[in-house]
Amino acid sequence: MSTAVELESPMRSRVAALARAATYPRLRYMGSKYKLAPHLGTVFNEIGGTTFLDAFSGSGFVGYLAKAMGYAVTTNDYLHFPSVISRASMVNDTTLLTDEVIATICGPAADSRNFIQTTFRDVFFAEDDRVFLDSAWSHIDSMTGFERDIALAALILSAARKQPRGVFTISGDLSHYDDGRRDLSLPLRDHFRERAAEYNAAVFSAGQEGRAVTGDVFDLAKTDYDVVYLDPPYAPPTDDADYTKRYHFLEGLSDYWVGREIMQKTKTKKIPKQASVFANKRTIEDALERTFDKFKDAGAIVMSYSSNALPGDARIKELLGTVKPNVEVRMIDHQYHFGTHSTAARRSVQEYIFIGRD
């Protein structure tokens, strides 16, 4: 095990923090905030403070940006794999995967397990890739601490990059998605070597203690952070915002499906949906009201939301105003991309940043 270089003092410069955040290993994730980083960095810089909660951490990017800005960061997500990613990249200050460990994980298997090979045959990935995933887990299973977290984060990112569109709602023969991108043809073993290097490069110390939690936002004990950042699932007028359906393979890969039910009759071998009150147009207003009230003692509440979701900006401003009398709304033109091919759909929306202060 080797260690990253420790910075002597927290990085407070917005420009330097954005440069650090640009090295973050990017997971293609629904609603990710990579392109909004300059706007969020400006908001966090204006608010200041020392403690930060990313209550819906997802890809882990915003928590990592906050760490780069010098905050002591806590992340939370109701799915498990986001907490693995956050521990590897944000909580972890020093631990790297050595060349020897990477070579071991990419070498011969430590045992004969074949769960992924048999469960996902003709569903996800070619045979050689599924063999590698089982083999990699045969080594990762005996690892502990941040070393295990980095290895898992690299494995998760490898699978996400190899899967067309990065979602696991599509399976079987996916050759019509092949637009020639290297990520789609690179063997998962080679992906892992590259993704491990990306995570190693992302490790740094900002001199503050971080924490990653898996659970319901309403169960979080501490609420009086200097900044509480909320990026909940957006409740669409139609369709759904079901993260379990889209990322069930990554969720299972994060713990080798131990103790998880697999819905064998589903085409993609899903795990049961973890419903979110934020993703439903009938429950979103009550969920936001309860969330704002829970964090009413925070120094500031910052929330990202989209103009193509419910409720609208006026109603959210009204709800946030019940606990924070000064509410500012910033609007940023944004474009969501669906698909990876040349004719992939693009949808222009406005991304709102609500800033509630006392």
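A residue is called buried when its relative accessible area is under 20%. In the predicted model described here, Tyr24 meets this condition and is buried, and so is Phe61. These two residues belong to the aromatic pairs, of which a search of the whole structure finds 31. A pair of aromatic rings is described by the distance of the centres and the angle of the planes. For Tyr24 and Phe61 the ring centres are 5.9 Å apart and the planes stand at 65 degrees, and because an angle over 60 degrees counts as edge-to-face, the pair is placed in that class. Tyr24 is found in the loop between helix 1 (14–21) and helix 2 (37–47), whereas Phe61 is found in helix 3 (residues 61–68), so the pair ties together parts that are 37 residues apart in sequence.

Another aromatic pair is formed by Phe120 and Trp257, whose ring centres are 5.1 Å apart and whose planes are at 40 degrees, so the pair is tilted. Phe120 is located in the loop between helix 6 (115–119) and helix 7 (127–140), and Trp257 in the loop between helix 11 (243–253) and helix 12 (284–294), so this pair ties together parts that are 137 residues apart in sequence. Both Phe120 and Trp257 are buried. Phe120 and Trp257 also take part in a cluster, linked by ring pairs, that includes Phe115, Phe124, Phe125, Trp137, Phe168, Phe249 and Tyr256.

Two members of this cluster, Tyr256 and Trp257, have a backbone feature that deserves a remark. Tyr256 has a positive phi of about 60 degrees although it is not a glycine, and a positive phi of about 60 degrees is likewise found for Trp257, which is not a glycine either. Tyr256 lies in the loop between helix 11 and helix 12, as does Trp257. With a relative accessible area of 11%, Tyr256 is buried, and Trp257, with a relative accessible area of 4%, is buried as well. The ring of Tyr256 also has a charged partner, since Arg113 lies over its face at 5.0 Å from the ring centre. A further peculiarity of the backbone concerns the peptide bond from Leu310 to Pro311, which is cis, with omega near -5 degrees; Pro311 is in the loop between strand 7 (300–306) and helix 13 (313–321).

Attention now turns to helix 4, in which 10 of the 11 residues are buried, so this helix is largely enclosed by the rest of the structure. Among the buried residues of helix 4 are Phe81, Pro82, Val84, Ile85, Ser89 and Met90. The elements against which the buried residues of helix 4 pack are helix 3, strand 3 (72–77), helix 8 (145–162), helix 10 (188–202), strand 5 (211–214) and helix 11. Ser89, which has its place in helix 4 (residues 81–91), is buried with a relative accessible area of 0%. When residues up to four places away in sequence are not counted, Ser89 touches Tyr24, Tyr64, Lys67, Tyr199 and Ala202.

Lys67, one of the residues touched by Ser89, lies over the face of Phe204, at 4.5 Å from the ring centre. Lys67 also helps to line the largest cavity, together with Tyr71, Val73, Met90, Asp93, Gln208, Glu209 and Gly210. Rolling a probe the size of a water molecule over the atoms shows where empty space is left. The structure holds 1 cavity of 30 Å³ or more, and the volume of the largest cavity is about 30 Å³. By class, its lining has 3 nonpolar, 2 polar and 3 charged residues.

As for the pockets, the second largest has a volume of about 310 Å³. This pocket is lined by 16 residues, of which Phe125, Lys162, Pro164, Leu174 and Leu184 are the closest to its centre. Its lining divides into 8 nonpolar, 3 polar and 5 charged residues.

Tyr71, one of the residues that line the largest cavity, is also among the contacts of Val227. Val227 lies in strand 6 (residues 227–230) and counts as buried, at 0% relative accessibility. Leaving aside neighbours within four places in sequence, Val227 is in contact with residues including Phe44, Ile47, Leu53, Ala300 and Val302. Val227 and Leu53 are 174 residues apart in sequence, and yet 6.3 Å apart in space, C-alpha to C-alpha.

Methods:
Residues are numbered from 1 along each chain as its sequence is written. This is a predicted model: local features need pLDDT of at least 70, side-chain atom pairs count only at pLDDT 80 or more; totals for chains, interfaces and linings use all residues. Side-chain values use heavy atoms; hydrogens and water are left out. On a 1 Å grid over the protein atoms alone, a cavity is a set of points where a 1.4 Å probe fits but cannot get out, and a pocket is an open set with protein on both sides within 12 Å along at least five of seven lines; lining residues have an atom within 4 Å of a point. Grid points are joined across faces, edges and corners, and a volume is the space filled by probe spheres set on the points. Ala, Val, Leu, Ile, Met, Phe, Trp, Tyr, Cys and Pro count as nonpolar, Asp, Glu, Lys and Arg as charged, and the others, Gly among them, as polar. Rings of Phe, Tyr and Trp (its six-membered ring) pair if their centres lie within 6.5 Å; planes under 30 degrees apart count as stacked, over 60 as edge-to-face and the rest as tilted. Helices (H or I, at least four residues) and strands (E, at least two) are DSSP runs, numbered from the N terminus. Buried means under 20% relative accessible area, exposed over 50%, partly exposed in between (1.4 Å probe, protein chains only). A charge sits over a ring if NZ of Lys or CZ of Arg is within 6 Å of the ring centre and within 35 degrees of the ring normal. Contact means heavy atoms within 4.5 Å.
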